[in-house]
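Colleague: I am new to this structure. Please take me through one part of it closely, the barrel and the core.

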Amino acid sequence: MRSKWKMTLLCAGLVSLGSPAADICRVVFLRAPVAELSEAATPAGNVPVLMWENLRGLDPQSGKMPADLKKHDGGIVRVPGFVIPLEDNDREVSEFLLVPYPLACIHVPAPPPNQIVHVKMDKGRKVAFDFYEPVWAQGRLKIQRTQNMYTDSSFFMTGMSIEPYRAQR
């Protein structure tokens, strides 16, 4: 419960400061029914959207997950989040962690594994990023535990595209 409050307070602070990250905080911490979120689709290509509420459905200890999450294993999905680079380049990366709030894993305890997506861009393609700007990551999702220099993650994505986050209407 304590970490949930920290995330909520962080987002409240971003909203009060007028941060561009405020929109994604509103979406990420919105309490909508899981089934409703998992059926959401983007206008371009009807790619299913997985929100952090959906990903939290995976029990990192037992590996049990709801059917609405399991059906996306191996499929192409979109997930909103913030980039934490796994490379030493301050402008472009081909491998990163996608996390639900800015700077997760850096100087703070990492989120639980079911709140981290390890992304490697297809064919090593580099994408630009900004720690404070939310993105949509689209790619093939595998529900599998991976380790990296910061933490463990429960999800791996072969990234196809990264684009600036815009709230869906």
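Modeller: A closed barrel of five strands runs E1-E3-E4-E7-E6, with mixed pairing. Two strands pair if DSSP finds at least two bridges between them. Helices (H or I, at least four residues) and strands (E, at least two) are DSSP runs, numbered from the N terminus. On average, neighbouring strands of this sheet are turned by 50° against each other, direction ignored. That angle is taken between axes, lines fitted to C-alpha atoms, with N-to-C directions spanning 0 to 180 degrees.

This is a predicted model: local features need pLDDT of at least 70, side-chain atom pairs count only at pLDDT 80 or more, and totals for chains, interfaces and linings use all residues. Residues are numbered from 1 along each chain as its sequence is written, and side-chain values use heavy atoms, with hydrogens and water left out.

Now one strand pair. E4 and E7 run parallel, joined by five bridges. Val119 has Met157 in E7 as its bridge partner.

Next, the core. The largest nonpolar core (buried Ala, Val, Leu, Ile, Met, Phe, Trp, Tyr and Cys residues joined through side-chain atoms within 4.5 Å) has 22 residues. Buried means under 20% relative accessible area, exposed over 50%, partly exposed in between (1.4 Å probe, protein chains only). Those with the most contacts inside this core are Leu55, Val79, Phe96, Leu98, Val117 and Phe155. Elements giving two or more residues include helix H4 (52-55) and strand E1 (76-85). E6 gives the most, with four residues.

Look at Leu55. Leaving aside neighbours within four places in sequence, Leu55 is in contact (heavy atoms within 4.5 Å) with Leu50, Leu69, Val79, Asn114, Gln115, Val117 and Phe155.
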